[in-house]
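The questions below go through a ligand site and a helix, each followed by a short answer.

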Amino acid sequence: MLDVVRLDSRYGRIPALAGVDLRVAAGELVALVGANGAGKTTLLRAISGVQPASGGEIRFDGRDLARLSARRRVQLGIVQVPEGRQVFGPLSVEDNLLLGAFARGSRDGLEHVLAMFPALERKRREPAGTLSGGQQQMLAIGRALMANPKLLLLDEPSMGLAPRLVAEIFAQIAGLKAQGTTILLVDQNARAALAIADRGYVMETGRVVLSGPAADLLRDPQVRQAYLGL
Ligand code: ATP
């Protein structure tokens, strides 16, 4: 479904991605792990079209994305849940969800998404800013689901959450995969991310340094030492 080939991206003169190759097949859950500043967020943003690429290619369902705007990519089914949730605090939970469907121009799916997240259903008329961190993360995911994603890009969904909520969020993500959503997941919690993933990629300073089945990465001595604290 997604084929990233020798992708480069830079912030001014500073390279952030250097020759990144990454693939995600339909139905897969792929985890992307690595230290702060490795380039994970930049890669997700390049795929969704909010960060320009300076070289290489991104193909989605065989189609070159280079000339397509971020909005067009959302319409094709590439939908990002940004780091830090970025919900619209003064707007209601329901309006935040409806904004997720803006590029699609339809409210269809609202009741389905609310049914997936009972905590959001209970608070559908409340301002999103009054939700807890975990609920805001669910709202950010729900908002993305409203866009009808084929490929969901999740950036640090467990950031800043208490351990119980981290487990809940990862269970929700595993549930989305089980329902057939294709997912590229970035998370500092490498162990939890790899535990639910089919395959994984490890990034260091703008490059992919290791990739393989998630179970193999969880056993890899280098990964265990550098990213799993073992
Ligand atoms: P984190 O987990 O901290 O978000 P990351 O792996 O997602 O890390 P990126 O945020 O993609 O890494 O950053 C990759 C590199 O690009 C880092 O060296 C970072 O300092 C730099 N960078 C990121 N955003 C900008 C920006 N807006 N302007 C300049 N440099 C940036």
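Q: Which residues come nearest to the ligand?
A: The shell around the ligand holds 13 residues, a residue being near if one of its heavy atoms lies within 4 Å. The model is predicted: local features need pLDDT of at least 70, side-chain atom pairs count only at pLDDT 80 or more, and totals for chains, interfaces and linings use all residues. Residues are numbered from 1 along each chain as its sequence is written, and side-chain values use heavy atoms, with hydrogens and water left out. Those that come nearest are Gly37, Gly39, Lys40, Thr41 and Thr42.

Q: How many residues of the shell around the ligand are charged?
A: Asp, Glu, Lys and Arg count as charged; Ala, Val, Leu, Ile, Met, Phe, Trp, Tyr, Cys and Pro as nonpolar; and the others, Gly among them, as polar. The shell has 4 nonpolar and 6 polar residues, and the number charged is 3.

Q: What is the distance from an oxygen atom of the ligand to an N or O atom in the side chain of Thr42?
A: A polar contact to the ligand is a pair of N or O atoms within 3.5 Å. The side chain of Asn36 has such a pair at 3.3 Å, and a backbone atom of Ala38 has one at 3.0 Å. For the side chain of Thr42 the distance is 2.5 Å.

Q: How many residues of helix 6 are buried?
A: Buried means under 20% relative accessible area, with a 1.4 Å probe and protein chains only. Helix 6 has 13 residues and is mostly covered. Among its buried residues are Met138, Leu139 and Ile141. The number buried is 12.

Methods:
Polar contact = N/O pair within 3.5 Å; in protein donor to acceptor, adjacent residues only side chain to side chain. Buried < 20%, exposed > 50% of the residue type's maximum accessible area, 1.4 Å probe, protein only. Helix = DSSP H or I, 4+ residues; strand = E, 2+ residues; numbered from the N terminus.
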